[in-house]
Amino acid sequence: MTPVPLPPMKRALVAILRGLRPDEAAGIVGGLIEHGMTAIEIPLNSPDPFRSIEMAVRMAPAGTLIGAGTVLTADDVNRLHNVGGRLLVAPNIDPEVIARGQELGMVTMPGVFTPTEALHAVNAGASVLKFGSDSILMQFG
């Protein structure tokens, strides 16, 4: 299966909203979108993340990539899809998670640290690679 490519982005950055609460989502996401952010990640270890993601998806204009970080299971991928998320960021390479994201038309972005991990992620069908803790992104294809 061919990886889902990143859509054109106004800025080659992904905003990571660690710890975002649903009551903060509208104001923070709205401000980011107003200032040109076109890719926003809400980690699943945030309070009630799927509710925040759903709120962000509803308010985001077409072409804005909203999704989740710390995606660890295929069930997480399904729940993300159910609230409209299109960006899947994982701290690791799990072929099942990447494959499920591809099946659902998501941009998949697993974290890698070594060249071997990068090759495994590309072979698993990742859209983009997240390198180390600095979240340097590299797209293939």
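Where is Thr38 found? Thr38 sits in the loop between helix 1 and strand 2, and the first close-up goes there. Keep in mind throughout that this is a predicted model.

**View 1. Thr38, a buried loop residue.** Here we look at the loop that links helix 1 and strand 2, where Thr38 has its place. With a relative accessibility of 16%, Thr38 counts as buried, because the cut-off for that is under 20%. Leaving aside neighbours within four places in sequence, Thr38 is in contact with Met9, Lys10 and Arg11, and also with Gly63, Thr64 and Leu65.

**View 2. The largest nonpolar core.** This core has 25 residues. Which of them touch the most other members? They are Ile40, Ile53, Val71, Val77, Leu80 and Leu88. Two or more core residues come from each of helix 1 (22–34), strand 2 (39–43), helix 2 (49–59), strand 3 (65–69), helix 3 (74–82) and strand 4 (87–90). Nonpolar side chains in soluble globular proteins tend to be buried together.

**View 3. Val77 and its contacts.** Now let's pick out Val77, one of the core residues that touch the most other members. Setting aside neighbours within four places in sequence, Val77 is in contact with Val71, Leu88, Val97, Arg100, Gly101, Leu104 and Met106. Val71 and Leu88 are also among the residues that touch the most other core members. Apart from this core lies another one, of 10 residues, including Val4, Leu6, Met109 and Val128.

**View 4. Val83, in the loop between helix 3 and strand 4.** Is Val83 buried or exposed? Val83 is buried: its relative accessible area is 15%. Not counting residues up to four places away in sequence, Val83 touches Phe50, Ile53, Glu54 and Val57. One of these, Ile53, is also among the largest core's residues that touch the most other members. For a sense of scale, Val83 and Pro7 are 76 residues apart in sequence, and their C-alpha atoms are 19 Å apart in space.

**View 5. Asp48 and Thr70, two loop residues with positive phi.** Asp48 lies in the loop between strand 2 and helix 2. Its phi is near 45 degrees, a positive value in a residue other than glycine. At 42% relative accessibility, Asp48 counts as partly exposed. Thr70 belongs to the loop between strand 3 and helix 3. Though not a glycine, Thr70 has a positive phi of about 60 degrees. Its relative accessible area is 27%, so Thr70 is partly exposed.

Note on methods: Residues are numbered from 1 along each chain as its sequence is written. This is a predicted model: local features need pLDDT of at least 70, side-chain atom pairs count only at pLDDT 80 or more; totals for chains, interfaces and linings use all residues. Side-chain values use heavy atoms; hydrogens and water are left out. A nonpolar core is a set of buried Ala, Val, Leu, Ile, Met, Phe, Trp, Tyr and Cys residues joined through side-chain atoms within 4.5 Å. Buried means under 20% relative accessible area, exposed over 50%, partly exposed in between (1.4 Å probe, protein chains only). Helices (H or I, at least four residues) and strands (E, at least two) are DSSP runs, numbered from the N terminus. Contact means heavy atoms within 4.5 Å.
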